[in-house]
Amino acid sequence: MWFEFDCRTADNVELVLECTMFWEALDLEKLVRSTGILPGDVFNQCRSQFIKKVSKVTLKKFMEELHSVSRAVYQEDQPFYEVRGISVHSLEVTRYKCSELRTSEVNIVRMQGEIDQSKLNSSHLEIQQEHAKTQARVTGASEAESISAFVAGL
């Protein structure tokens with residue numbers, strides 16, 4: 001079963017998630033008694049759980065832990081599926097994107113800024129290390145002169 005819906009992350013980025021769920025009917029009697037529209041029930045439950053889970057994480061965290069979020073959505077909700085006589089084999093986010101082009105552009109600019117800042121920090125550290133080496137050379141040369149003068153005075 002394939003479905004698509006919108007949700008927001010904790011840092012207020014609106015995403016469009018495309019998901020695929022693989023499930024199997026185990027008990028047809030339960031299935032018929034519990035619901036008239038099983039795909040609609042399953043879709044609404046998954047969407048609700050995804051919205052709840054995604055709203056608690058930032059975009060970065062969602063991107064890093066995408067599979068664990070989708071796994072948690074169906075594993076933590078097993079009683080819902082058992083009551084309906086089905087078993088969920090997997091739930092996968094097959095694609096996600098920022099719903100607004102502007103949001104995507106802002107995130108790209110933010111990430112580029114972070115990369116530039118990281119490069120600047122790296123350059124700053126290199127300069128500090130070079131300064132420390134130069135200072136150590138000067139200090140060493142000064143001490144060598146002192147020792148040389150002391151030895152010459154003996």
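## Largest pocket

By class, 3 nonpolar, 2 polar and 5 charged residues make up the lining of the largest pocket. This pocket belongs to a predicted model, and its volume is about 220 Å³. The lining has 10 residues, of which Leu59, Lys60, Met63, Met111 and Glu114 are the closest to the centre of the pocket. At least two lining residues come from helix 3 (59–64), and at least two come from helix 6 (101–153).

## Strand pairing

Strand 1 (2–8) is followed by a loop and then by strand 2 (14–25). The two strands run antiparallel and are joined by 7 bridges. Within this pairing, Phe5 stands opposite Leu17 of strand 2.

Strand 2 also pairs with strand 3 (residues 86–98), again in the antiparallel sense, over 11 bridges. Here Cys19 has Val93 of strand 3 as its bridge partner.

## The loop residue Asn12

The hairpin of strand 1 and strand 2 has 5 residues between the strands. Asn12 is found in this loop, and its phi is near 65°, a positive value in a residue other than glycine. Most residues other than glycine have a negative phi. Asn12 counts as exposed because its relative accessibility is 53%, and the cut-off for exposed is over 50%.

## Confidence

The mean pLDDT of the protein chain is 85, with 95% of the residues at 70 or more. Confidence is highest in strand 2, at a mean of 88, and lowest in helix 6, at 83. Helix 6 is one of the helices that supply at least two residues of the pocket lining.

Methods:
Residues numbered from 1 in each chain as written. Predicted model: local features only at pLDDT ≥ 70, side-chain atom pairs only at ≥ 80, totals over all residues. Heavy atoms only, no water. 1 Å grid on protein atoms, 1.4 Å probe; cavity = no way out; pocket = protein on both sides within 12 Å on 5 of 7 lines; lining within 4 Å. Points joined across faces, edges and corners; volume = space filled by probe spheres on them. Helix = DSSP H or I, 4+ residues; strand = E, 2+ residues; numbered from the N terminus. Nonpolar A, V, L, I, M, F, W, Y, C, P; charged D, E, K, R; others polar. Buried < 20%, exposed > 50% of the residue type's maximum accessible area, 1.4 Å probe, protein only. pLDDT = per-residue confidence, 0-100. Pairing = 2+ DSSP bridges.
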